[in-house]
Amino acid sequence: MTTSAADLLRRLGEDLHPDLPETTAGTVRLDVRGDRRTEHWYLTIADQRVAVTRSADEADLVVRADRAVFDRIAAGTLHPAAALGRNDLTVRGDIRLFMMLRRLFPGPPGARHPRAMAAGTRRRP
């Protein structure tokens with residue numbers, strides 16, 4: 001089953017995000033285009049938490065893309081930086097927040113954290 005961007009965004013505010021640096025703070029607006037309209041998701045990031053609302057207010061970072069692009073990012077099949085490099089999405093504002101966004105989205109299906117990989121390959125004396 002594939003996770004849509006909307007499903008992922010609804011769940012973002014439920015947990016602490018330890019992959020985000022404690023000093024990361026700011027606002028992000030995701031403009032999701034589709035069905036001849038644009039949905040706005042507003043993320044407020046502070047203290048390794050993300051509050052998600054629906055708002056078109058100005059933000060420190062604005063990311064725009066088609067729904068299909070956001071859905072692929074939410075599924076882990078498209079890295080946000082790769083989407084930016086291919087002009088599949090556009091950003092305006094604080095690029096540092098954009099680089100932190102990738103920590104909120106899952107990695108590729110079947111990917112494992114490097115520390116888990118290293119722990120599994122260590123030999124014990």
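This is a short guided tour of the structure above, stop by stop.

**The whole chain**

Start with everything shown as a cartoon, and keep in mind that this is a predicted model. You should find 5 helices and 5 strands in the protein chain. Trace the chain along its sequence and the elements come in the order α-β-β-β-β-α-α-β-α-α. Now switch on a surface: the accessible area of the chain is about 8,000 Å², and carbon and sulfur atoms account for 50% of it. Of the 125 residues, 35% count as buried. If you like contact maps, take the contacts between residues at least 6 apart in sequence: 63% of them join residues at least 24 apart.

**The β2-β3 hairpin**

Next, select residues 37-46, which are strand β2, together with residues 49-53, which are strand β3. The two strands run antiparallel to each other and pair over 5 bridges. Zoom in on the end where A46 stands opposite R49 of β3. Here β2 and β3 form a hairpin, with 2 residues between the strands. Pick D47 in that turn and check its backbone: phi is positive, at about 55 degrees.

**V32 in strand β1**

Move to strand β1, residues 26-34, and select V32. Is V32 buried or exposed? V32 is buried, because its relative accessible area is 4%, under the 20% cut-off. Show what surrounds V32: beyond the residues up to four places away in sequence, V32 touches R37, T38, E39, W41, A65, R67 and F70. For a distance label, join the C-alpha atoms of V32 and L89, which lie 57 residues apart along the chain; the label should read 9.9 Å.

**The largest nonpolar core**

In soluble globular proteins, nonpolar side chains tend to be buried together. To look at the largest nonpolar core here, which has 29 residues, show V28, L30, L43, V63, L89, L101 and L104 as sticks; these touch the most other members. Which elements each supply at least two residues of this core? Colour α1 (5-12), β1, β2, β4 (61-66), α2 (67-75) and α4 (95-101) to see them. Helix α1 gives the largest share, 5 residues.

**L43, the last stop**

Finish by centring on L43, one of the core residues just shown. Leaving out neighbours within four places in sequence, L43 is in contact with L9 and L12, with G26, T27, V28 and L30, with V50, A51 and V52, and with L101 and L104. Among these partners, V28, L30, L101 and L104 also appear in the set of core residues that touch the most other members.

Conventions
Residues are numbered from 1 along each chain as its sequence is written. This is a predicted model: local features need pLDDT of at least 70, side-chain atom pairs count only at pLDDT 80 or more; totals for chains, interfaces and linings use all residues. Side-chain values use heavy atoms; hydrogens and water are left out. Helices (H or I, at least four residues) and strands (E, at least two) are DSSP runs, numbered from the N terminus. Buried means under 20% relative accessible area, exposed over 50%, partly exposed in between (1.4 Å probe, protein chains only). Contact means heavy atoms within 4.5 Å. Accessible areas come from the Shrake-Rupley method with a 1.4 Å probe; for residues, only the protein chains shown count as cover. Two strands pair if DSSP finds at least two bridges between them. A nonpolar core is a set of buried Ala, Val, Leu, Ile, Met, Phe, Trp, Tyr and Cys residues joined through side-chain atoms within 4.5 Å.
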